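User: I would like a close look at one part of this model, the charged side chains and their surroundings. Please keep to what the coordinates give.

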Amino acid sequence: MSGAREIAFHVLNRVHGGGYASDLLRREAAALEARDAGLAEAIVFGCLRFQAQLDFLIAHFSGKSTIKLDEEVRIALRMGIYQLRYLRAWSW
């Protein structure tokens, strides 16, 4: 997993526990290059913005309610679906 994606995963996991995404991103992505920090930010805020839609897609294609999945699995699936659906034009 790239540094940007790893940071995005950790930030989303901590947001689930009550943290603030912007504060966590500022601290965690400080060591990244600007391009990677931008990718981490896009993933975090995109997953939060489209969370309901991403959870619907997870439930639809897995046949399971997202509530039955572990939080880490849910976050990873949200991140993957978000990147495939919305970041296809992002130059990796």
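Which side chain meets that of Arg 78 in a salt bridge of 2.7 Å, N to O?

Analyst: The partner is Asp 55: its side chain and that of Arg 78 form a salt bridge at 2.7 Å, N to O. Here a salt bridge is a side-chain nitrogen of Lys or Arg within 4 Å of a carboxyl oxygen of Asp or Glu. The model is predicted, so local features need pLDDT of at least 70 and side-chain atom pairs pLDDT 80 or more, while totals for chains, interfaces and linings use all residues. Residues are numbered from 1 along each chain as its sequence is written, and side-chain values use heavy atoms, with hydrogens and water left out.

The pair joins distant parts of the chain: Asp 55 belongs to helix H4 and Arg 78 to helix H5, 23 residues apart. Helices are DSSP runs of H or I with at least four residues, numbered from the N terminus. Both partners are buried, a word that stands for under 20% relative accessible area, with exposed for over 50% and partly exposed for the range in between (1.4 Å probe, protein chains only). Arg 78 has a relative accessible area of 8% and is therefore buried. Asp 55 is at 15% relative accessibility, so this residue counts as buried as well.

Arg 78 has a further salt bridge, to Glu 71, at 3.7 Å, N to O. Glu 71 also meets Arg 74, with 3.0 Å from N to O. Glu 71 and Arg 74 are both in helix H5 and lie 3 residues apart, so about one helical turn separates them. Glu 71 counts as buried because its relative accessibility is 11%. Arg 74 counts as buried because its relative accessibility is 15%. Taken as a group, Asp 55, Glu 71, Arg 74 and Arg 78 are linked in a network of salt bridges. Over the whole structure, the search finds 5 salt bridges.

The surroundings of Asp 55 come next. Once neighbours within four places in sequence are set aside, Asp 55 is in contact (heavy atoms within 4.5 Å) with Thr 66, Arg 74 and Arg 78. Thr 66 sits in the loop between helix H4 (51–62) and H5. At 11% relative accessibility, Thr 66 falls below the limit and so counts as buried. With sequence neighbours within four places again left out, Thr 66 is in contact with Asp 55, Ile 58, Ala 59 and Arg 74. Both Asp 55 and Thr 66 therefore count as buried, and Arg 74 appears in the contact lists of both.

Helix H4 also holds Ala 52. Ala 52 counts as exposed because its relative accessibility is 62%. From Ala 52 to Arg 78 the C-alpha separation is 9.8 Å, with their positions 26 residues apart in sequence.

Another arginine, Arg 35, is found in helix H3. Arg 35 counts as partly exposed because its relative accessibility is 47%. Its C-alpha atom is separated by 18 Å from that of Met 79, 44 residues apart along the chain.

Met 79 leads to the nonpolar part of the model. The largest nonpolar core has 20 residues, and Met 79 is among those with the most contacts inside it, along with Val 11, Leu 12, Ile 43, Val 44 and Cys 47. Such a core is a set of buried Ala, Val, Leu, Ile, Met, Phe, Trp, Tyr and Cys residues joined through side-chain atoms within 4.5 Å. At least two of the core residues come from each of H1 (3–16), H2 (21–28), H3 (34–49) and H5 (71–86). The greatest share is from H1, with 7 residues. H5 thus takes part in this core and also carries Arg 78 of the salt bridge to Asp 55.

Val 44 shows how parts of the core meet: apart from neighbours within four places in sequence, Val 44 is in contact with Ala 8, Val 11, Leu 12, Ala 21 and Leu 25. H1 and H3 pack with their axes 8 Å apart, at an angle of about 35 degrees; axes are lines fitted to C-alpha atoms over the stretch in contact, and angles run from 0 to 180 degrees between N-to-C directions. On the H1 side the contact is made by Ala 4, Arg 5, Ile 7, Ala 8, Val 11, Leu 12 and Val 15. On the H3 side are Asp 36, Leu 39, Ala 40, Ile 43, Val 44, Cys 47 and Leu 48.
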